[in-house]
Amino acid sequence: MSGPVLSPARRHTVAVLAFDGMAPFELGVVVEVFGLPRPELGVPWYDLRVCSADPGPMRAVGGFTMTAGHGLDTFAAADTAIVVAVPDVHGDVPPAIVAALRAARARGARIVSICSGAFALAAAGLLDGRAATTHWRHADLLRRRHPKVRVTPDVLYVDGDDVLTGAGSAAGIDLCLHLVRKDHGARIANAVARRLVVPPHRDGGQAQFVEAPVRPRPGDDDAVGRSMAWALARLAEPVTVAAMAREARLSHRTFVRHFARETGTSPLRWVIAQRVMAALPLLEDGTLPVEAVGAAVGFESPATFRHHFARAMRTSPSAYRRTFRADGTRRGPDRAAQP
């Protein structure tokens, strides 16, 4: 779980690139997460800067205009540089933007894309040899245009430590919250999620396309939702797919199929993800030994806990505990290490 780390001495700068003719949703997500002051959280919040390649008003989808306060020099100098889209997935990325991305990466900045922004990162060569994602509609095109990129088309986001890519639209919320969690810990990320009125965590490996994402109306039989609530109340206990299927009053095969259709993941993977997320605040609190934390959230052995935690968080439970103080701030220097 590497990347830029924060200290009270300075604010971490986040730069996001805007352009003429863009749809505003993904840009709005970045502004909402990183741009709003959050003094109530008690941690040094981000310094957001909206940048553009050209000065002057830019048209946005929906019939309004906006003007960015910064240029590409600010974008290249940021601690985290985010590209939320490109004007045309079939066209060439402007050389000035390619140069700014390469300059930011050479400085050790964290580089992030959302939706079609992955095409800009790929044009700059920042995704060569890496796993990356984009909106599922553009995945085949990204693979054809940039064959050196290992396109992963059916996930919400891919965390490559220093280069992260997210799928389209609402998956940008998941990726931005993931960045906050990397920088400030689970408690702060969960607080931001509550203010956004969204779930605090969706596994990055969850499928982008969910066949039936809308829950049944009150009074309808929500078999999958009932099984999820049952499992969440018993994370410290053995929770099997068979037991969840019984709670849903479905056959094992039917339950697994319905669960994947409604959540984009498997029941077992979902339970593991919930256990890892439940472990984060316990590790940050520092009261329980690491081995006890794993047992408290239902992992059958310390080795199993370490394995699943490392796979999900890209670090060990002990390293995560050392990194985050109990107040959720992250230890370490201000800048990202050079790659």
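Let's start with Arg314, which is partly exposed, with a relative accessible area of 41%. Please keep in mind that this is a predicted model.

**Arg314 and its partner**

The side chain of Arg314 joins that of Asp161 in a salt bridge, with 3.0 Å from N to O. Arg314 sits in the loop between helix H13 (302-313) and helix H14 (317-323), while Asp161 sits in the loop between E9 and strand E10 (163-166), so this pair ties together parts that are 153 residues apart in sequence. Is Asp161 buried or exposed? Asp161 is buried, at a relative accessible area of 19%, because the cut-off for buried is under 20%.

**Other salt bridges**

Counting across the model gives 10 salt bridges. Three of the pairs are set side by side here.

| Pair | N to O distance |
|---|---|
| Asp20 and Arg59 | 2.4 Å |
| Lys182 and Asp159 | 3.2 Å |
| Arg314 and Asp161 | 3.0 Å |

Take the pair of Asp20 and Arg59, whose side chains meet at 2.4 Å, N to O. Asp20 is found in the loop between strand E1 (13-18) and helix H1 (25-35), and Arg59 belongs to strand E3 (residues 58-60), so their salt bridge ties together parts that are 39 residues apart in sequence. Asp20 has 35% relative accessibility and so counts as partly exposed. Arg59 has 54% relative accessibility and therefore counts as exposed.

Now for Lys182 and Asp159, whose side chains form a salt bridge of 3.2 Å, N to O. Here the link again runs between distant parts of the chain: Lys182 is in helix H6 (residues 171-184) and Asp159 is in strand E9 (residues 157-160), 23 residues apart. Both Lys182 and Asp159 are buried.

Which residues are linked in a network of salt bridges? They are Arg105, Arg130 and Asp162.

**Helix H8 and its surroundings**

Next, a look at a helix. Helix H8 covers residues 223-232 and is mostly covered, with seven of its 10 residues buried. The buried residues are Ala223, Val224, Gly225, Ser227, Met228, Trp230 and Ala231. What do the buried residues of H8 pack against? Their packing partners are helix H9 (241-248), helix H10 (252-263) and helix H11 (267-285).

**Back to the charged pairs**

To bring the salt bridges together: in the pair of Lys182 and Asp159, both residues are buried. In the pair of Arg314 and Asp161, Arg314 is partly exposed, whereas Asp161 is buried. In the pair of Asp20 and Arg59, Asp20 is partly exposed and Arg59 is exposed.

Terms used: Residues are numbered from 1 along each chain as its sequence is written. This is a predicted model: local features need pLDDT of at least 70, side-chain atom pairs count only at pLDDT 80 or more; totals for chains, interfaces and linings use all residues. Side-chain values use heavy atoms; hydrogens and water are left out. Buried means under 20% relative accessible area, exposed over 50%, partly exposed in between (1.4 Å probe, protein chains only). Helices (H or I, at least four residues) and strands (E, at least two) are DSSP runs, numbered from the N terminus. Contact means heavy atoms within 4.5 Å. A salt bridge is a side-chain nitrogen of Lys or Arg within 4 Å of a carboxyl oxygen of Asp or Glu.
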